[in-house]
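Dear colleague,

I am passing on the structure we spoke about, and below it you will find my notes on what turned up when I went through it. Please read them with the model open beside you.

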Amino acid sequence: MLASGVLLMCLFGAPQTAVRAEQLPVRTYTTADGLASDTVFRVFADSRGFPWFSTNDGLSRFDGYGLSSYTVREGLPDRRISDVCETGDGSLWVGTAGALCRFVPRPTAGGPLFVVERLADDPETNDVVCLLVTRDGALWCGTEGGLFRLELRDGGWTASLVPIGTGGAVNSLAEDAWGGVWLGTTGEVRLVHTDGRLEAFPLSAIHSGSRVRSLLVDRTGRLWVGTPRGVVYSDPRASADTPPRLAEARSDTPVGWGNGFFESRDGTLWIATTSGLWHEARGTTASIERQNALRRACDRDVWDVAEDRDGNLWLATSCGILRVDRYGFTGYTGNDGLTSTFINSIFESRAGDLIVTTDQAERLVHRFDGAMFATVAPKNLPEGYPGWGWGQTVMQDSEGAWWVPTGHGVYRYPPAERPEQALGARAEPIYTGHEVFRVFEDVRGDVWLATVSPMKLLRWDRATKRILDLTADSGVVAEYASFCDGPDGSVWIGTGNYGGQLATNGGLLRYANGRFDRLTVADGVPDGWLRALYVDRAGRLWIASSLGGLVRVDDPTAERPQFIAYTTAEGLSSDSVWCVVEDLWGRMYAGTTRGVDRLDLKTGAVRHYTSADGLPKSQPQCAFRDKNGSLWFGSPFGVARFDPEPDREREPPRTLLTGLRVAGVARPVSALGEATLLEMELGPDENSVSLDYLGLGTSLGEALRYQYQLEGTSSEWSAPGVERTVTFANLAPGSYRLLVRAVDAYGSASPQPAEFAFTVLAPVWRRGWFLVLAGILVFASGYAIFRYRLARVLEIERVRMHIATDLHDDIGTNLTRIAILSEVAQHSRAGQAEGPGGPLASIAGIARESVASMSDIVWAINPGKDSVDDLVRRMRRFAGEAFASRGIELEFRGPEHDGSMKLGLETRRHLFLAFKECVMNAVKHSGGRRAEVDLRVEGKRLILTVSDDGHGFDTSIPGEGNGLESLRRRAKSLGGTFEVDSAPGRGTRATVSVPMDGAHRLRRTVRMER
């Protein structure tokens, strides 16, 4: 059954690729970072984006920032974890050496995080080795005691034993495109068909007795098998009935154990072995090559490999977890053949070789052969200081000659294809005496030199082979720091200076037609050193400035060019830029003091790269794009290569809520985070809310930023920040909705923000139902008080009515009878003489006065006589009778008729008695012919005025009686006043003012005459 196959341990039909020492950006995680154990067997990335790691001492999870680990303390049945998988309902299953269990990220109070699902009673059956979730949603579980299939039925998982023949241990599982399930046992692979049939495929003699450690059916239908003896694969199955043809792997370079297979989203097949990480060579069929860019202590002992949401690879090794950024920078240092890592220039030779130069202790030239650097030291140069500089130092000119600057001038070596062929020959001194800082060849073939100590600008004219000093012609004396050709054949020169004096002694120079034009800060040129100049494919000039960021000139041919600056305000990581280069897609890369910034001119987005992405530490000082489109960056600590790609479709970051505290008290949140928290009602004293969150889906070294919005207080998103906790304190009662989203380096935000809706309840006394109830209670209390007072008033009025009735009916009647009887007695004694002051006359008079007084009392206490109109009528009647008896003319004025104006008993009684006193004084003592009575309402006071035109009196002389004093006391008892205005010969005016309730009414005048 075995057929001859493709050799897997080398590139089939091609020479073996040289081993490279280049270094991909890799981050290592160990127990020092929270990993449960440094011995990791499996890696699994769940649907949320969390990578999970199976170790021999627990289960670990990476959340983008750190590791969380789980052991038997959290409910695991055994600390030895074999595998992790996720079913369609989102359940996470964990295989251990003790049992199968299910992760419960939000357990009930006091419940465990892991629920054990025992498959049978014997220990071997519960010793789980591998897990597989098939497309039909079933969970397959390979154990030391056999194969089980779990299905979700009626809300629970039901396990059933799958017959697999003899040799019960199942070590690996895989599903093919036909729905068949492959299982690896000892010495063979078996296939469980969809109809339950079992088919066995023995391995070759070399693998006899070996446990099949790993299986994978790739997208082409090939079955890959890994054993402790290596790797085999099969041709694709033509049909469900076609058996696979297994090909044995043979190689001069042993693979070792085939521990795991993984097919990434881009179709690359990765193989984890004890000899390192391998991948299938592009453009070949089943030929693999070793991934040698991972130089770590344990990267040769790889057990498993997986991929996260952003394409990063995660490797399980014997010394922890390796996270590899496949789209990062590849770094080269001394291990890659660089004798010195202090890189000062990068360029490409005429033969297409990449050349890197250094100048620390001596000038060195390093040629890259595609894998390693070969170092060449130029010979026959003067001894001593080698000089310094960056960006434009050693070069090969258009005729193939090699130019090397030194501390004593510049020397030219004869043309040769490679530096090792030229730099050992005799060097021709082109210019001697001063240190040469820059060397540059323009499009005409002339070579420009910049020197220091003194600072000079020189040009070697190729036609005459002479050095021309153009320092005076340039118009400045400065460090001539950078050169480039303009799109119109001009030469651009950037200068450098110390102390920000560019406006006076430097600038940007343009040389054309034999003359210099100088542009300064006043024209828009950035201040500081103009460290590098670059013209892109669109003909735009770019300037790398030490103080002003990255500057663009869209039309360098214009007489007065316009300068557009990109600084930290536009998203750069620093305003100090060393170098600039363009990729094949028109994106610009600026080397700054904080790494490399990529500027996308179409969107304006800036992407930051740092040492976490594979860059050597310290700032890149020179940059270059080679013939293949790769970008190279040199720094004092080495060189890095970056292979740009077209903007690939990236999955936006996903945001999860990981913690909630209300008034400082933690509330339960899923251990895996939640996109939405259940809406909550918080008490009045729970008006402080703190929320933790994180984002998933980033490249290595990329820092997510976060924005939040609290609906109910603001409709605007906050400024992006790196904090992963937000707190709101002293929230007013009301409904709120807190939204959080992550923003990646490209400006893409989470399409669906994480959210938490909650309501802060008002204090009981501020809630609507309480206010309504309180209003009802207040109204009911007020109404009860009103009813009580009304009842009391009615009761008092009934009492007053009874008193008035009794006085009128009983006492009044008796007094009237006394008066009548006294008159009868008087008449019966008509014959007897009795003076007017006799007893019977006195009895009659007293009786009549008593009747009149009683009438007043009855009127005063009668509740039916409480209106001002009743008072006016009684006053008018009394005044009319009193003044008429003396022939005095009366004018009476009172308020208009309105029965709604009421007076209290005391007010009515005292005011009427005061009125009677005033009227009787006027009748008895004034001697006048005319009197006026005026009763009016002013505001909340009732004012009574009685005046006459009599002979008056002197108010300063005390009277014999107590009438006036009695009037004052009566008015004061009502809270009012009494005033009298009189003088001999001009009449008398008495005024009583007392308070009352009621509205103002228009007055009417009643003129009465007798």
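**Two four-stranded sheets**

In β53, the residue that stands as bridge partner to Val596 is Tyr609. Please keep in mind throughout that this is a predicted model. The pairing just mentioned belongs to strand β52 (residues 595-599) and β53, which run antiparallel and are joined by 4 bridges. Both strands sit in an open sheet of 4 strands, ordered β50-β51-β52-β53 and paired in the antiparallel sense. Its edge strands are β50 (577-582) and β53 (606-609), each of which pairs on one side only, and the twist from one strand to the next averages 20°.

Within strand β50 you will find Val580, which counts as buried because its relative accessibility is 6%, under the 20% cut-off. Leaving aside residues up to four places away in sequence, Val580 touches Tyr534, Trp542, Leu550, Met588, Tyr589 and Ala590. Val580 and Ala532 are 48 residues apart in sequence, yet their C-alpha atoms are 7.0 Å apart in space.

Another open sheet of 4 strands has the order β38-β39-β40-β41, again with antiparallel pairing. At its edges stand β38 (435-441) and β41 (466-469), each with a single partner strand, so one side of each has no neighbour in the sheet. On average, and ignoring direction, neighbouring strands of this sheet are turned by 25° against each other. Inside it, strand β39 (residues 447-452) and strand β40 (residues 456-461) pair in the antiparallel sense over 5 bridges, and Trp448 stands opposite Arg459 in β40.

**Backbone points to check**

Most residues other than glycine have a negative phi, and most peptide bonds are trans. Against that background, three places deserve a look. The peptide bond that joins Ser453 and Pro454 is cis, with omega about 5°, and Pro454 lies in the loop between β39 and β40. Lys465, in the loop between β40 and β41, has a positive phi near 60° although it is a residue other than glycine; with a relative accessible area of 48%, Lys465 is partly exposed. Ala663, found in the loop between β57 (654-662) and β58 (665-667), likewise is not a glycine and has a positive phi of about 55°, and its relative accessible area of 39% makes it partly exposed.

**A hairpin, and the cysteines**

Strand β42 (residues 479-485) is mostly covered, with 7 of its 7 residues buried. It is joined by 6 bridges to strand β43 (residues 491-496), and the two run antiparallel. Together β42 and β43 form a hairpin with 5 residues between them, and Gly489 in the turn has a positive phi of about 90°. Cys484 stands opposite Trp492 in β43, and at 7% relative accessibility Cys484 counts as buried.

As you may be thinking about cysteine chemistry, how many disulfides does a search of the whole structure find? The search finds 0. Cys130, for instance, is in no disulfide, and the nearest cysteine sulfur, that of Cys141, is 7.3 Å away. Cys130 counts as buried, at 5% relative accessibility.

**Three helices**

The axes of helix α6 (residues 868-884) and helix α7 (residues 905-926) come within 10 Å and cross at roughly 15°, which means that α6 is roughly parallel to α7. The crossing of α6 past α7 is right-handed. On the α6 side the residues that meet α7 are Leu871, Arg874, Met875, Phe878, Ala879, Ala882 and Phe883, and their counterparts in α7 include Leu911, Phe912, Phe915, Val919 and Val923.

How, then, does α7 pack with helix α8 (residues 963-973), and at what angle? The angle is about 160°, with the axes 10 Å apart, and α7 and α8 are therefore roughly antiparallel to each other. Here α7 passes α8 in a left-handed crossing. The contact is made by His910, Leu913, Ala914, Glu917 and Cys918 of α7, together with Gly963, Leu967 and Arg970 of α8.

With best regards

Methods. Residues numbered from 1 in each chain as written. Predicted model: local features only at pLDDT ≥ 70, side-chain atom pairs only at ≥ 80, totals over all residues. Heavy atoms only, no water. Buried < 20%, exposed > 50% of the residue type's maximum accessible area, 1.4 Å probe, protein only. Pairing = 2+ DSSP bridges. Axes fitted to C-alpha atoms, helices over the stretch in contact; angles between N-to-C directions. Disulfide = S-S within 2.5 Å. Parallel < 35°, antiparallel > 145°, perpendicular 65-115°, else oblique. Left-handed = near helix turned anticlockwise from the far one by under 90°. Contact = heavy atoms within 4.5 Å.
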